[in-house]
Amino acid sequence: MAETYDVVVVGAGPAGYVSAIRAAQLGLRTACVESGSYEGGLGGTCLNWGCIPAKALLESAALAHNLRHHGARMGVKPVEVEYDFPAAVKRSRIITRKLTAGVKYLLGKNKVEIVQGRGRLTGPGRVAVEADDGETREIATRNLILATGSVMKTFPGFELDGEKVIGSREALGLQDLPGRMAIVGAGFVGVEFADVFNAFGVEVTLIEALDTLVPLEDPEIGKALERSFRKRGIRNLTNTRVKELDRGSSPMVLTVVNPDGSETAEETDLVLMAVGRRPVTEHLGLEESGVELEDGFIRIDGWCRTSAEGVYAIGDVAGQPMLAHVGSHEGIVAAEHIAGVAKHPMTYGNIPSVGYCHPEVASIGMSQAQAEEAGYEVVTGKYPLGAHGRALTAESADGFVKVVADAKYGELLGAHMIGHNVSELVAEVGMARELEATLDEMVGHAHAHPSMAEAVMEAAFGALGRAIHM
């Protein structure tokens with residue numbers, strides 16, 4: 001065992017590769033182990049078969065939808081719009097390859113050694129890496145960072161077969177679109193795929209067991225998204241459970257349990273499961289190494305340390321929220337803690353959550369209900385986009401921006417948005433909360449006009465009882 005590293009990172013997704021680069025920047029001899037799994041490779045699921053290709057397809061979907069439904073009104077009369085989903089997929093793969101090549105370049109630039117294979121703890125400070133050819137290489141390290149990510153999950157009776165029942169990985173590479181698709185789960189993944197396939201002419205039914213679409217968001221957001229989707233012809237079945245699937249029939253028959261307990265047989269050509277992801281913790285030697293789990297995830301503290309000395313965990317494998325930007329930030333915190341230069345531990349109360357469907361959805365901080373439950377005297381401001389100049393010019397006037405604040409001091413507690421480009425607005429609120437800004441400070445800044453960012457200012461004015469444009 002000739003090689004000894006200061007840091008070995010297992011996994012090269014948004015958490016792992018960022019952590020490896022930061023460790024190397026701090027002068028630590030670093031290696032990054034990556035297996036190149038079905039959903040992964042350099043850049044992880046996010047770059048290869050997740051965030052990035054999904055957003056590429058959403059941009060294609062927006063163009064398809066706007067040409068067909070808004071083109072003539074905007075002065076661009078489409079003589080004929082022809083859908084070419086394989087071309088959209090090809091474009092998404094080109095973008096992915098460019099970004100994953102960029103990850104490889106950045107790792108090399110920072111002198112991080114890339115070790116191809118599947119890593120496993122074999123004892124204190126030891127990692128065995130099994131290559132595709134079965135050859136095993138053992139590496140010694142002073143610190144280990146586990147960033148093994150997550151994989152698609154489903155439940156009995158709806159196992160993924162890659163043909164009739166698929167997950168996000170297969171959906172991102174479809175070459176032949178079905179006439180009808182049932183999407184099970186209306187979280188961000190489900191609603192984004194509903195947006196994409198509806199825009200490309202598929203008859204989409206979106207099924208959610210809870211009361212609203214995007215059920216982890218403010219209920220008003222879910223209801224607004226449901227109205228917008230309904231106008232586009234997407235069927236939304238909320239408070240509805242899937243019971244069984246007859247794969248043998250043609251078309252397939254999906255039995256669902258309605259809110260009143262009755263059952264309905266839904267015909268569909270394809271089922272897309274979007275019911276979440278599970279952490280990759282198997283075959284890592286965790287139990288033998290004293291790494292404890294909690295609710296299936298690796299248990300960590302604010303510095304991303306596990307229960308085993310010298311072992312850290314970051315990203316999806318370390319628990320909720322399972323978001324790429326959370327994993328990247330955890331990776332920086334872990335690397336800086338190892339190097340002895342960490343300034344602050346991880347906190348999770350100011351993490352943005354974004355869905356890139358159309359209209360987009362974004363939130364950060366507390367909802368009104370959460371703030372009231374925490375004991376705050378709450379004031380809110382809600383600004384509709386129906387009369388907002390920049391939204392109207394973009395032919396995207398659905399939605400609103402809602403801010404939640406403390407009535408006594410005006411401290412901004414949270415914001416919840418649905419509408420055009422709100423993914424780009426949530427960072428302003430996040431920074432304001434980081435600096436403990438008040439509503440008065442928010443409206444004290446002259447926002448550019450016309451801009452979507454003005455909607456945040458208008459909502460803050462509303463919370464102060466000084467609304468100008470509503």
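Helices (at least four residues) and strands (at least two) are DSSP runs, numbered from the N terminus. Keep that in hand for the exercises below; the model is a predicted one.

**Exercise 1. Place Thr212 and decide whether it is buried or exposed.**

Start with the location: Thr212 sits in the loop between strand E10 (203–207) and helix H7 (219–231). Next comes the cut-off, since buried means under 20% relative accessible area. Thr212 has 8% relative accessibility, so it counts as buried. To see what surrounds Thr212, skip residues up to four places away in sequence; what it touches is then Pro219, Gly222, Lys223 and Thr238.

**Exercise 2. Do the same for Ser228: which element holds it, and which residues does it contact?**

Ser228 belongs to helix H7. Its relative accessible area is 7%, which means that Ser228 is buried. Once neighbours within four places in sequence are set aside, the contacts of Ser228 are His358, Pro359 and Asp398.

**Exercise 3. Find Gly162, classify its exposure, and say how far it is from Glu292 in space.**

Look in the loop between strand E7 (150–152) and strand E8 (165–166), and there is Gly162. The class in between runs from the buried limit of 20% to the exposed limit of 50%. With a relative accessible area of 39%, Gly162 is therefore partly exposed. Now for the distance: Gly162 and Glu292 are separated by 130 residues in sequence, and their C-alpha atoms are 33 Å apart.

**Exercise 4. Describe how H3 and H4 pack.**

Two packed helices are described by the angle between their axes and the distance between the axes. Here the axes of helix H3 (residues 51–70) and helix H4 (residues 85–109) cross at roughly 140° and come within 9 Å. Because of that angle, H3 is oblique to H4; the cut-off to check is that only angles over 145 degrees count as roughly antiparallel. As for handedness, H3 passes H4 in a right-handed crossing.

Then list who makes the contact. On the H3 side you'll find Ile52, Pro53, Ala56, Leu57, Glu59 and Ser60. H4 brings in Phe85, Ala88, Val89, Arg91, Ser92, Arg93, Ile95, Thr96 and Leu99. Sorted by class, the contact has nine nonpolar, three polar and three charged residues.

**Exercise 5. What is the strand order of the five-stranded open sheet, and which helices lie on it?**

Strands of a sheet pair through backbone hydrogen bonds, either parallel or antiparallel. In this sheet the pairing is antiparallel and the order reads E20-E21-E24-E23-E22. Strand E20 (353–355) and strand E22 (378–384) pair on one side only, making them the edge strands. From one strand to the next, the twist averages 10°.

Zoom in on one pair: strand E23 (residues 400–406) and strand E24 (residues 412–419) share six bridges. Within that pair, Val403 stands opposite Ala415.

Finally, add the helices. Helix H11 (residues 426–434) lies across E20, strand E21 (360–365) and E24, and runs at about 180° to E24. Helix H13 (residues 454–463) touches E22, E23 and E24, with its direction at about 135° to that of E22.

**Exercise 6. Work out the layout of the three-stranded open sheet.**

The order is E12-E13-E14, with antiparallel pairing. Its edges are strand E12 (241–246) and strand E14 (263–268). Ignoring direction, neighbouring strands are turned by 25° against each other on average. Strand E13 (residues 252–257) pairs with E14 over six bridges, and Val256 has Thr264 of E14 as its bridge partner.

Definitions and conventions
Residues are numbered from 1 along each chain as its sequence is written. This is a predicted model: local features need pLDDT of at least 70, side-chain atom pairs count only at pLDDT 80 or more; totals for chains, interfaces and linings use all residues. Side-chain values use heavy atoms; hydrogens and water are left out. Axes are lines fitted to C-alpha atoms, for helices over the stretch in contact, and angles run from 0 to 180 degrees between N-to-C directions. Angles under 35 degrees count as roughly parallel, over 145 as roughly antiparallel, 65 to 115 as roughly perpendicular and the rest as oblique. A crossing is left-handed if the near helix is turned anticlockwise from the far one by less than a right angle, and right-handed if clockwise. Contact means heavy atoms within 4.5 Å. Ala, Val, Leu, Ile, Met, Phe, Trp, Tyr, Cys and Pro count as nonpolar, Asp, Glu, Lys and Arg as charged, and the others, Gly among them, as polar. Two strands pair if DSSP finds at least two bridges between them. Buried means under 20% relative accessible area, exposed over 50%, partly exposed in between (1.4 Å probe, protein chains only).
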